[in-house]
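Reader: I should like to learn how to read the features of this model one at a time. Where should we begin?

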Amino acid sequence: MQNIAEPIVSAELRRRFVSSTRVFVLTGAGVSAESGVPTFRGGGDSEVWKGLPFEVLSSTEMLQLDLAAVWEWFDYRRNLLGILEPNPAHQELARWQHLFPEFTLVTQNIDGLHQKAGSQRVIELHGNIWRARCISCHWCHEISVDADRPEACLQCGDRLRPDVVLFGELLPRGGLERAAEKAAQCQLCFVVGTSALVYPAAGLPEIAKAAGAFVCEVNPERTPLSALCDEVLTGKAGEVLPLIGI
Ligand code: OAD
């Protein structure tokens with residue numbers, strides 16, 4: 001088993017953490033890894049999904065061909081996720097929202113664990129598995145963990161689809177724009193648990209850096225963004241994040 005020594009949080013990062021008023025955080029699958037959610041690439045338990053044609057089932061083509069099959073896949077995933085709990089990384093980020101006058105949490109995750117930990121106003125770039133959206137009027141319906149999901153739109157009666165970004169789809173309007181605006185205004189930016197391979201999300205820390213922010217990455221592995229970062233904290237989010245704010 002790999003043994004990663006506890007990373008040292010620099011005095012510079014601590015100074016910026018206590019003095020910054022505008023803080024921006026981008027998270028990816030790695031922030032939920034310690035809750036038991038498989039990551040997409042490397043460092044996680046990705047074989048849980050091996051054998052399942054994930055990229056085919058989660059595609060716009062499949063949505064048109066066989067909506068029932070898409071739901072079957074997402075129902076299966078919700079069943080797995082429904083019993084999982086936020087980990088110390090989610091909890092620490094929920095605490096941070098009270099520390100700064102302006103705090104922006106942007107996630108690529110669809111699992112809802114940030115909200116379950118208490119984070120509010122999370123910008124969800126890739127949607128949320130706990131919502132269904134009408135294919136006609138786009139009305140969104142919450143899906144409860146302990147009730148059957150709605151079969152049809154309560155507004156217009158048409159079919160519902162998962163309110164997540166599928167392969168081949170554009171990001172929902174609004175979220176990315178708001179995230180980019182906040183990234184451009186922040187003083188301190190954290191990039192947590194993302195391989196930083198998927199754009200446009202991976203471009204947000206680049207926007208922050210170009211606008212003069214101090215950028216810190218938290219990840220057990222290096223990513224294409226590591227070289228751009230002012231500080232790289234090598235380790236698991238649930239172990240590293242609680243070290244920063246003390
Ligand atoms: P990835 O699976 O690509 O990357 C996960 C990252 O988390 C890797 O860099 C790991 O090293 C890191 N990691 C693993 N365990 C960690 C831990 N305990 N603490 C911190 N980091 C850890 O996931 P994303 O970057 O989120 O999009 O993937 C981006 C997008 O690609 C996803 O949102 C998804 C996928 O296509 C859609 O489904 C639209």
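Author: Let us begin with the ligand and with one term. A polar contact is a pair of N or O atoms within 3.5 Å. In this predicted model, a nitrogen atom of the ligand is placed 2.9 Å from a polar backbone atom of Ala-237.

Reader: Which residues have atoms close to an oxygen atom of the ligand, at 2.8 Å and at 2.5 Å?

Author: At 2.8 Å from a ligand oxygen there is a backbone N or O atom of Ala-29. Ser-195 instead uses its side chain, with a polar atom 2.5 Å from an oxygen of the ligand. Ser-195 is also listed among the residues that come nearest to the ligand, together with Phe-40, Arg-41, Thr-194 and Asn-219, out of 23 residues around the ligand.

Reader: How does one find empty space in a model, and how much space lies in the second largest pocket?

Author: Rolling a probe the size of a water molecule over the atoms shows where empty space is left. Here, the second largest pocket holds about 260 Å³. Its lining has 13 residues, and those closest to the centre are Phe-103, Thr-104, Leu-105, Gln-120 and Arg-121.

Reader: Which element gives the largest share of that lining, and how do the lining residues divide by character?

Author: Strand β2 gives the largest share, with four residues. Both β2 (102-107) and α8 (175-185) contribute at least two residues each. By character, the lining consists of five nonpolar, four polar and four charged residues.

Reader: What should one look for in the backbone?

Author: Most residues other than glycine have a negative phi, and most peptide bonds are trans. Arg-121, a residue other than glycine, has a positive phi near 50°. Arg-121 sits in the loop between α7 (113-116) and β3 (123-124). The peptide bond between Tyr-199 and Pro-200 is cis, with omega about 10°. Pro-200 belongs to the loop that runs between β7 (188-192) and α9 (203-210).

Reader: What is the mean pLDDT of the protein, and where is the pLDDT below 50?

Author: The mean pLDDT is 92, and 93% of the residues reach 70 or more. Over residues 43-50, however, the pLDDT is below 50; this stretch has 13 contacts in the model beyond near neighbours in sequence.

Technical notes:
Residues are numbered from 1 along each chain as its sequence is written. This is a predicted model: local features need pLDDT of at least 70, side-chain atom pairs count only at pLDDT 80 or more; totals for chains, interfaces and linings use all residues. Side-chain values use heavy atoms; hydrogens and water are left out. pLDDT is the predictor's confidence in each residue, from 0 to 100. Contact means heavy atoms within 4.5 Å. On a 1 Å grid over the protein atoms alone, a cavity is a set of points where a 1.4 Å probe fits but cannot get out, and a pocket is an open set with protein on both sides within 12 Å along at least five of seven lines; lining residues have an atom within 4 Å of a point. Grid points are joined across faces, edges and corners, and a volume is the space filled by probe spheres set on the points. Ala, Val, Leu, Ile, Met, Phe, Trp, Tyr, Cys and Pro count as nonpolar, Asp, Glu, Lys and Arg as charged, and the others, Gly among them, as polar. A residue is near a molecule or strand if one of its heavy atoms lies within 4 Å of it. A polar contact is a pair of N or O atoms within 3.5 Å; within protein, one must be able to donate a hydrogen and the other to accept it, and residues adjacent in sequence count only if both atoms are side-chain atoms.
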